[in-house]
Amino acid sequence: MSRLLTTIAAGLLAALAIAPASAQEKVVNVYNWSDYIDESVLEEFTKETGIKVRYDVFDSNEVLETKLLGGKTGYDVVVPTGSFLQRQIQAGVFLKLDKAKLPNIQYQWPLISDRLAVYDPGNEYAVNYMWGTTGIGMNVDKVKERLGDIPLNSWDIIFKPEILKKLKDCGIYMLDGPEEIIPTALRYLGKDPNSKDPKDIEEAGKLLAKIRPFIKKFDSSGYINALAGGDICIATGWSGDVFQAKARAEEAAEKTGKPAINIEYVIPKEGALMWFDNFAIPKDAPHPDEALAFINFMMKPEIAAKNSNYISYASGSEGAQQFIDKAILDNPAIYPDKETQGKLFTVTTYPQKVQRVVTRTWSDFKRGK
Ligand code: N2P
């Protein structure tokens, strides 16, 4: 091909890649966690606003962060967790929210907005979508078969090599989330989970190294089906994800007529990380107005409730609570009661130097070094 033709062809391809289906068509590009929405609300949004949703998913804050720091993601709405949001705000990657265009912010839960303000002072850049905890998902029968009648409410099951070893044959998954698992390991060691001391992080690394031989896979989304299908018997995991696994196991049982795999989510007695996932708009979002319309729609009490009911996570909307299933609202592993709350801890972002230690510790853990 001549150079001119090649240039024209490349130009056409580029235009096709970025052009909306029709010149007038309004679009919003959303990048959310996997298994984190009732997709019927996307259709409802389009019906109500005429804005089409291009929806894409991720399962790790690190992946989202790499894209955000690189810029030009093409996304209009993203959903970082609080501690990541904190340093991303500092890095200047988000637009300030135009609150005048977010009337449904009135339904947000002040208690949660206040918790979020630790990461986003003054709640300028983000609104909470869902929040939850990082605990343990397990196939209760298989675990009991191997461990006998020991209490299942302790991180001992994960962090004591002599216990975890006994579960190796039935499958152990570990979340690929350094900034969640290292603080959890520190808590287990009786140290401050929010420690920014490289020595503490290396301590956590030593603990992790001991359990490395028994881990089948680092995974932050496939574990839902792996638990539901009986392919693994234990995983560190997120509250709602494990309840989704439980629901999928029950659905499968109904179809096959076999008894359902008994899946449980545990917040161990030593405590668990509590986190907040939030909507934010990248500074270079191609459709910032549509992004605001989307976020506003997601804060509608009925819509927020629909999502919570579908994904089994706690909503940042207080107005939604009247529409949330009682089974979810009354489940202390989803909406922690006072006693459970006492066990939960939160973390803030790492200074850059310490973050490098975290990254290195984690890659050593994964490589089994
Ligand atoms: C959804 C996981 C979101 C919780 N699958 C992690 N912040």
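1. Let's start with a term: a residue is called buried when its relative accessible area is under 20%, and exposed when that area is over 50%, with partly exposed in between. Asparagine 123 comes out at 17% relative accessibility, so asparagine 123 counts as buried. Keep in mind as you read that this is a predicted model.

2. Where does asparagine 123 sit? Look in the loop between H5 and S4. As for its neighbours, leaving aside residues up to four places away in sequence, asparagine 123 touches Lys99, Ser113, Leu116 and Ala117.

3. Now for the charged pairs. How many salt bridges does the structure hold? The count is 20, and a few of them are worth a look here.

4. Take arginine 87 and glutamate 179, whose side chains meet in a salt bridge with an N to O distance of 2.9 Å. This pair links distant parts of the chain: arginine 87 belongs to helix H4 (residues 82-90), glutamate 179 belongs to helix H9 (residues 178-188), and they are 92 residues apart.

5. Are those two partners buried or exposed? Arginine 87 has 12% relative accessibility, so arginine 87 counts as buried. Glutamate 179, with a relative accessible area of 6%, is buried too. There is also a third member to note: Glu65 is linked with Arg87 and Glu179 in a network of salt bridges.

6. Back in the loop that holds asparagine 123, you'll find glutamate 124, which forms a salt bridge with lysine 96; their closest N and O atoms are 3.5 Å apart. Here again the pair links distant parts of the chain, with glutamate 124 in the loop between helix H5 (110-116) and strand S4 (127-139), lysine 96 in the loop between H4 and H5, and 28 residues separating them.

7. How accessible are glutamate 124 and lysine 96? Glutamate 124 is partly exposed, at a relative accessible area of 33%. Lysine 96 reaches 51% relative accessibility, and because the cut-off for exposed is over 50%, lysine 96 counts as exposed.

8. One more pair: lysine 246 and glutamate 264, with side chains that meet in a salt bridge at 3.1 Å, N to O. Which parts does this pair tie together? Lysine 246 lies in helix H12 (residues 239-256) and glutamate 264 in strand S8 (residues 263-266), so the salt bridge ties together parts that are 18 residues apart in sequence. Glutamate 264 has 31% relative accessibility and counts as partly exposed.

Conventions. Residues numbered from 1 in each chain as written. Predicted model: local features only at pLDDT ≥ 70, side-chain atom pairs only at ≥ 80, totals over all residues. Heavy atoms only, no water. Salt bridge = Lys/Arg side-chain N within 4 Å of Asp/Glu carboxyl O. Helix = DSSP H or I, 4+ residues; strand = E, 2+ residues; numbered from the N terminus. Buried < 20%, exposed > 50% of the residue type's maximum accessible area, 1.4 Å probe, protein only. Contact = heavy atoms within 4.5 Å.
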